[in-house]
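Let's take a walk through a protein model together, from its strands to its empty spaces. Keep the 3D view open and turn it as you read.

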Amino acid sequence: GAALALTQEGIHFRIFSEANLADAVRQVKVLIVPEQALLLDSSIEALRAFTEAGGRLFITGQSGRFDWNGTPRPDDKVERLLGVRLKGTRRAPLHYYQVPPEVRAVRNLPAIPMMVRGPVYDFEAPGAKTLALVLEPRDDPWDENGNWRHYTVTGAMPPKRTPSGAGAVMFPVGKGFVLYAAGNWFATYQRLGNPSVRKMLATFLAELFPEQERMLTVRQPLRVDTTFMRNPKGYLVTLVNSAMQKQSGRFVSAEELAPATNLSISVRVPETVHRLVLLPEGSGLPFKTSAGRVTFTVLNLDIHTAVQIETR
């Protein structure tokens with residue numbers, strides 16, 4: 001779910017495991033922990049040290065709830081990771097989130113509450129910036145024994161009108177920041193593909209890590225994948241177009257691809273840029289540089305193209 005959401009938003013990322021987490025915290029400014037319920041004690045300490053030293057941590061769900069053998073952790077140890085004061089777990093299997101008007105206006109998000117599945121902590125975060133409020137579902141699904149009854153095929157139930165508390169918050173920890181979003185945001189997006197959930201995840205990340213600070217930003221259709229890497233000549237941006245179509249079997253043979261046009265790309269490059277070359281054509285590509293960033297547009301993408309950024 002995290003890989004899908006980030007790819008579709010044109011956000012370049014790397015994937016780390018707990019085995020190489022120590023290397024990760026030395027290489028990146030932002031770490032995303034997407035609903036990693038089982039974490040090692042050493043990972044929790046590494047993530048806390050990363051944040052206190054100036055890193056930015058985006059963490060969701062009940063990350064860190066269990067130790068290496070599946071035993072639930074005491075709340076105080078989970079609180080050390082999430083940075084919030086836990087008050088228990090809300091009882092419903094799904095909840096709704098509503099964005100405060102001041103956040104919604106800046107990010108052009110819908111006013112309608114968005115559904116997120118999974119267990120949700122009830123928590124307090126004094127002094128934190130609230131990015132989303134949580135609304136519990138109506139009481140109708142609960143029977144006299146306290147069991148949840150599904151009222152629809154997907155088990156959904158409309159939300160109450162009044163928020164029950166904060167659902168996503170951002171706050172400083174040491175020299176860095178933590179953004180904690182209760183609920184299984186990435187798993188919900190992977191399962192349901194709700195565009196509002198993806199846009200909200202992008203909003204969380206933009207609050208924690210503004211676009212002007214990123215190495216790469218891309219304006220692209222959802223079907224375009226972008227990769228970015230160093231090479232002997234400088235940097236290489238690769239664009240791949242794909243297609244979604246009905247399939248008759250296990251494998252999809254793509255017969256038609258709609259071209260993607262006017263892809264706007266901005267890359268932060270510390271070196272002086274000599275020229276840009278469109279590959280495989282080998283032709284030069286116009287670009288602009290400003291404040292350490294090079295900006296250019298790929299006018300047409302059929303299946304695959306790359307841009308070589310040659311530096312001095």
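In which sense do β14 and β18 pair, and over how many bridges? Strand β14, which covers residues 273-279, pairs with β18 in the antiparallel sense, and 6 bridges link the two. Bear in mind as you look that this is a predicted model. To find your place along this pairing, pick out Leu278, whose bridge partner in β18 is Val307.

Stay with β18 for a moment. This strand spans residues 304-311 and is mostly covered, with 6 of its 8 residues buried. Besides β14, it has β12 as a partner: the two strands run antiparallel and are joined by 7 bridges. Here a handy marker is Leu236, which has Gln308 of β18 as its bridge partner.

From β12 you can step on to β11. Strand β11 takes in residues 224-231 and β12 residues 234-241, and their antiparallel pairing extends over 8 bridges. The two strands form a hairpin, with 2 residues between them. Within this pairing, Phe228 has Val237 in β12 as its bridge partner.

Now for the packing of nonpolar side chains. The largest nonpolar core counts 56 residues, and those with the most contacts inside it are Phe58, Leu82, Val84, Tyr97, Phe123, Trp185 and Phe204. There is also a second, separate core of 22 residues, which includes Tyr235, Val273, Leu276 and Leu278. Leu278 is the residue we met as the bridge partner of Val307.

Back in the largest core, Trp185 is a good residue to centre the view on. Which residues does Trp185 touch, leaving aside those up to four places away in sequence? They are Glu35, Tyr97, Met114, Val116, Val197, Met200, Leu201 and Phe204.

Next, the empty space. Rolling a probe the size of a water molecule over the atoms shows where such space is left. The structure holds 1 cavity of 30 Å³ or more, and its volume is about 60 Å³. Around this cavity sit Ala5, Leu6, Glu9, Ile11, Ile32, Phe58, Phe186, Arg198, Leu201, Ala202 and Leu205. Helices α1 (2-8) and α7 (195-208) each supply at least two residues of the lining, and the largest share, 4 residues, comes from α7. By class, the cavity lining has 9 nonpolar and 2 charged residues, with no polar ones.

The pockets are open spaces, and the largest of them has a volume of about 1,200 Å³. It is lined by 36 residues, of which Phe13, Arg14, Phe16, Val28 and Val30 are the closest to its centre. At least two lining residues come from each of α1, α2 (21-27), β1 (30-33), α3 (41-52) and β11, while β1 gives the largest share, 4 residues. This lining comprises 24 nonpolar, 5 polar and 7 charged residues.

The second largest pocket has a volume of about 480 Å³. Glu9, Lys199, Ala202, Glu211 and Arg219 are the closest to its centre among the 21 residues that line it. Two of these, Glu9 and Ala202, also line the cavity. Both α7 and β10 (216-219) supply at least two residues of the pocket lining, and the largest share, 5 residues, comes from α7. By class, the lining divides into 8 nonpolar, 6 polar and 7 charged residues.

Definitions and conventions
Residues numbered from 1 in each chain as written. Predicted model: local features only at pLDDT ≥ 70, side-chain atom pairs only at ≥ 80, totals over all residues. Heavy atoms only, no water. 1 Å grid on protein atoms, 1.4 Å probe; cavity = no way out; pocket = protein on both sides within 12 Å on 5 of 7 lines; lining within 4 Å. Points joined across faces, edges and corners; volume = space filled by probe spheres on them. Nonpolar A, V, L, I, M, F, W, Y, C, P; charged D, E, K, R; others polar. Core = buried A, V, L, I, M, F, W, Y, C linked by side-chain atoms within 4.5 Å. Buried < 20%, exposed > 50% of the residue type's maximum accessible area, 1.4 Å probe, protein only. Contact = heavy atoms within 4.5 Å. Pairing = 2+ DSSP bridges.
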